[in-house]
Structures are given as C-alpha cells and as structure tokens.
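Biologist: Could you take me through one part of this model up close? I'd like the loop with the buried histidine and whatever surrounds it, told as one connected story.

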Amino acid sequence: MTKSGQIAEALLKAMDEGRLAPGGKVASIREAARQFGVAKNTIIDAYDQLVAMGRLQARHGSGFFVSHARPQATVEERESLTEAIDSVSLLREQLVGSYAVRAGDGRAPASWMGGLDLTRALRRRGPEQEEAHFEYGMPQGFEPLRDAIARALAGRSIHAAQEQVLLTFGANHAFDLIVRHFVDAGDSVMVETPGYYPLFGKLRLARAKLVGVSRTPEGPDLEEFERKVRQYRPRLFFLQPNAHNPTGTSMSLSNMHQLLKIAEQYGVVLVEDDVFADLLPQGSAHLAALDGLENVIYVGTFSKTLSTGLRSGYIAGSRELIRSLTDIKMLTVVNSSTFIESVIHELVVKGRYRRHLVQLRERVAKASASARRALREVGIDDISGPGGGYYLWARLPAGIDTLELAKRATEEGIFIAPGAIFSLRPDGIDGTAMRINVAYANDYRFLEFLRKTLDQTSP
C-alpha cells in the first residue's frame, strides 16, 4: 500500500473509533505533513482519497472536515455496490496484490514511464511555487495545460478551444463525471464487450442497465449496435476505437463514419476513450475529429503514458457540456491538482514529454513484436493487438477456463487477467481469452506456466 493509502487508512480508523468526530476539522495539509513525517503532496493524495470516498469534505478557504454520517443505505443500494465491487476485483488485485510476474497488468512498468524527467521537474520547483500549488486552483484545471492540450488535439484534427477542455484525475474520473451527468438509475448505457471492466463497475454503481455490443477486429459490431439501439434506446455508448482495452484492436475509418451516422440518427452520444492517443501513429483517425465534438465526448489521459501515480486526464466536449461537468467536478472533488497539472505542463511545453513518447513508442513496438513471437513459441496462435497500446488478446484452446487458470497462476506469483472479467456476453466465448501486457509477456516464468498448461490440455 502506498504511504498516502496508509495515512488514509489511519484517518479512517480514527473516524470509525470516534477520535475524529463528524463535522470536525482535520489537520491542515502542512500540519498533517509534519505529524506523519511526509511531503505535503502525500497528505493531499490521502485527503483526496477520503474526499472521493465521501469521508472528508473540502471547504474552500477553511480546510478539510469529517463528513457527517450518511443515512443507512437501502438494500438496493448495497446490492449495486456489491455488484460494482465484484466487477472490479481485477483492479483490486492490480493495485494491492503482490506478484512476481504481472502479465495481466493494465499499466506499463515504472521503468517505461517518465520518471527521470518528472523527478527533475519536481526538484526545480522552488518554495514559492510549491506553496502556490497547494492552494485551490481553477475548477476547470490549470489553464496553461488546457491550452497545451487544445493544441495537441488540433494535431489530431480535433478542434477545441481551451475552454472546451476539463482536467480530471485521470480517465476514470472523467468517466465518473460523464456518468453522473447523463445516467440515472435504470437508464440503458451501451459498452463494448469485451471492454473496460472498471467502467462496468461505475455504471453498475449508478444502477444503469449495461447493454453490451460485441467488439470485432474492426471495432464494435455495427449491425448489433443499431439493433440494440432500437431495442434499448440508450443515451450513451462508451467505446475505445483505438488500441482497445483489452483486445488491442483499432477501429477502421469506414466503420467510424458508419458508427457516427447511426449514432446521430438515433441520438446516441458517443464517449471516445482515447487513452493511448499519444502513442498512436500520426494521422490515426479519431471519432471526435470526424464529428467535431458535436455528438462525441473525448477522453484522454497522461496516466497511461507518463505516470500512473500522477492521475491526470481530461475531457474535451462542447462548451455547454464542459460547463456542466465542471460544476459536477466542483461538487464532488472541488478541483483537480494544480501542482500535478503544472508539472505536466512544464514537461509538455519544454519538449520533454514529446521526447519521452518517442522512446516509449519504441519500447512498446519492440515488446509487442517480441511478445507475439514468444507466445507463438509456447503454442498460442490466436492473438490480436496491440494496435499501438499495451495489450494483446490471446485465446487459448477450448476447454481452458482462464478464470480458473488465473487462480492457479496466483499460487505461483503470476498475475493473469482472465477474459471473463472484461466480458458481458452470456455465451462465455471470452472465457478462454486473456489480456496480456506486452511489457511482461516475455517473462520466462509466465511462458513456462503457459507451456505446462497447454501440454496438460493437449490430446
């Protein structure tokens, strides 16, 4: 567990034991940093976690206060929470599990990230800058970074002014804001299957009705999409056109045009998850570019390419939508981290982020080619991806249940991401698949585990 997580746990214990009473003010960031013997940003991370959990409230100009006890949840609310948590069990294992081999991890290794440049950027910040960045910033996010993101989007033919960009704590926070804005209990929401399982959890928590659309190598199955749109009349469709998680595939340009046409005809808003955009080849197609942000909401992040610990992402959309989402952001987390956003801005404008991306693309390309070769050598030939991202989608022979395989792998310190976690399909077709991170696929322990498994199941 991280230091900020340990501090958050300690504060939760104090609340539960009555040592921090509801309505009471907790120590200031400066004082808490002194008490725990850590940096101020560690305390900020801990407090942010407690705010997100509803256990602390941030009051502008006054500090942080313990939230008053919430009313007893209804049975229906408890069931929706349990279902949501069950659907993100894989995420819990990634964050808190201890594994020697992390073949199923959703993140790149720390060694691939921008650690050295980040460290230098942080060290250059003098005391005056440091103090300024512990104050509340603009709710929409650090304006210079929003301006830099708007320029980067223009390079993808996505034309948005900086006021059409909202900064968030990563892509997951972006999805949370969008769900809060659009989705009421019982609403139908479309997602890809297999698809991004933490999103499934968010929607279940909102008590939405999930409608799965099969993902093909060319993108979502458009015939199925139109048929289900007519049947369920959803307001939203969340999808990842490029470098899809978990299959690693990318949507064709012709299918993008056709999808936009169907969505416009039936009034379905498309949420484009483009977290690997900075790794894609120049000239890659984007739904938001084809649509002009009229019927598409665009989500990006720096967490996949710069640092998972920074938790910084963004939403691009119409001015009206961004104003509404900014209000929700203020009500739920007050604002995002000006400190983090200014560090990222410095890396972007000074060219360090661009140079880091060049190196990261090379690493991903080499690891991807090597991973595919290694998997074929142990007998796995049905492989898709990675399409510019980190993931391969490998199907094992019929009869191998990757959920059971993941349990066995755990006993050997190997983390596997079984296909069923990503799937909403009732036919169980994804049960023999697994998501593999190209960065870890070449580990001899993982490959030997797969080889033994295939040898044991071969006729």
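**A loop and its surroundings**

Modeller: Of the 459 residues in this protein, 54% count as buried. Keep in mind that the model is predicted. Its secondary structure adds up to 18 helices and 14 strands. If you look at contacts with a separation of 6 or more, 73% of them come from residues 24 or more positions apart.

Now for your loop. His244 sits in the stretch between β7 (236-239) and α12 (253-266). Its relative accessibility is 1%, and the cut-off for buried is under 20%, so His244 counts as buried. Which side chain does the His244 side chain make a polar contact with? That would be Thr247, at 2.7 Å. Leaving aside residues up to four places away in sequence, His244 also touches Glu192, Pro194, Gly195, Arg215, Thr249 and Tyr391. Tyr391 belongs to the range given for β12 (391-395).

The backbone is worth a look here too. Asn245 and Pro246 are joined by a cis peptide bond, with omega at about 25 degrees. Pro246 is in the loop between β7 and α12, and that loop holds His244 as well. Most peptide bonds are trans. There's another cis bond to check, between Gly385 and Pro386, where omega is about 10 degrees. Pro386 is in the loop between β11 (382-384) and β12.

Follow your loop onward and you get to α12, which packs with helix α11 (residues 222-232): their axes come within 11 Å and cross at roughly 5 degrees. Angles under 35 degrees count as roughly parallel, so α11 is roughly parallel to α12. On the α11 side, the contact is made by Leu222, Phe225, Glu226, Val229 and Arg230. On the α12 side, the residues are Asn255, Gln258, Leu259, Ile262, Ala263, Gln265 and Tyr266. By class, the contact of α11 with α12 has seven nonpolar, three polar and two charged residues.

Between α11 and β7 there's a loop with Arg233 in it. Phi of Arg233 is near 50 degrees, a positive value in a residue other than glycine. Most residues other than glycine have a negative phi. Is Arg233 buried or exposed? With a relative accessible area of 55%, Arg233 is exposed.

Leu293 is another one to put on your list, with phi near 60 degrees, again positive in a residue other than glycine. You'll find Leu293 in the loop between α13 (287-291) and β9 (296-301). Here the relative accessible area is 5%, so Leu293 is buried, whereas Arg233 is exposed.

One further helix pair gives you something to set beside α11 and α12. Helix α17 (residues 402-411) and helix α18 (residues 444-457) pack at about 130 degrees, with axes 12 Å apart. That angle makes α17 and α18 oblique to each other, and α17 passes α18 in a right-handed crossing. Leu405, Arg408 and Ala409 of α17 make the contact with Phe449, Thr453 and Gln456 of α18. Those contact residues divide into three nonpolar, two polar and one charged.

Back at your loop, then, the picture is a buried His244, its side chain in polar contact with Thr247, and a cis bond between Asn245 and Pro246.

Definitions and conventions: Residues are numbered from 1 along each chain as its sequence is written. This is a predicted model: local features need pLDDT of at least 70, side-chain atom pairs count only at pLDDT 80 or more; totals for chains, interfaces and linings use all residues. Side-chain values use heavy atoms; hydrogens and water are left out. Axes are lines fitted to C-alpha atoms, for helices over the stretch in contact, and angles run from 0 to 180 degrees between N-to-C directions. Helices (H or I, at least four residues) and strands (E, at least two) are DSSP runs, numbered from the N terminus. Angles under 35 degrees count as roughly parallel, over 145 as roughly antiparallel, 65 to 115 as roughly perpendicular and the rest as oblique. A crossing is left-handed if the near helix is turned anticlockwise from the far one by less than a right angle, and right-handed if clockwise. Contact means heavy atoms within 4.5 Å. Ala, Val, Leu, Ile, Met, Phe, Trp, Tyr, Cys and Pro count as nonpolar, Asp, Glu, Lys and Arg as charged, and the others, Gly among them, as polar. Buried means under 20% relative accessible area, exposed over 50%, partly exposed in between (1.4 Å probe, protein chains only). A polar contact is a pair of N or O atoms within 3.5 Å; within protein, one must be able to donate a hydrogen and the other to accept it, and residues adjacent in sequence count only if both atoms are side-chain atoms.
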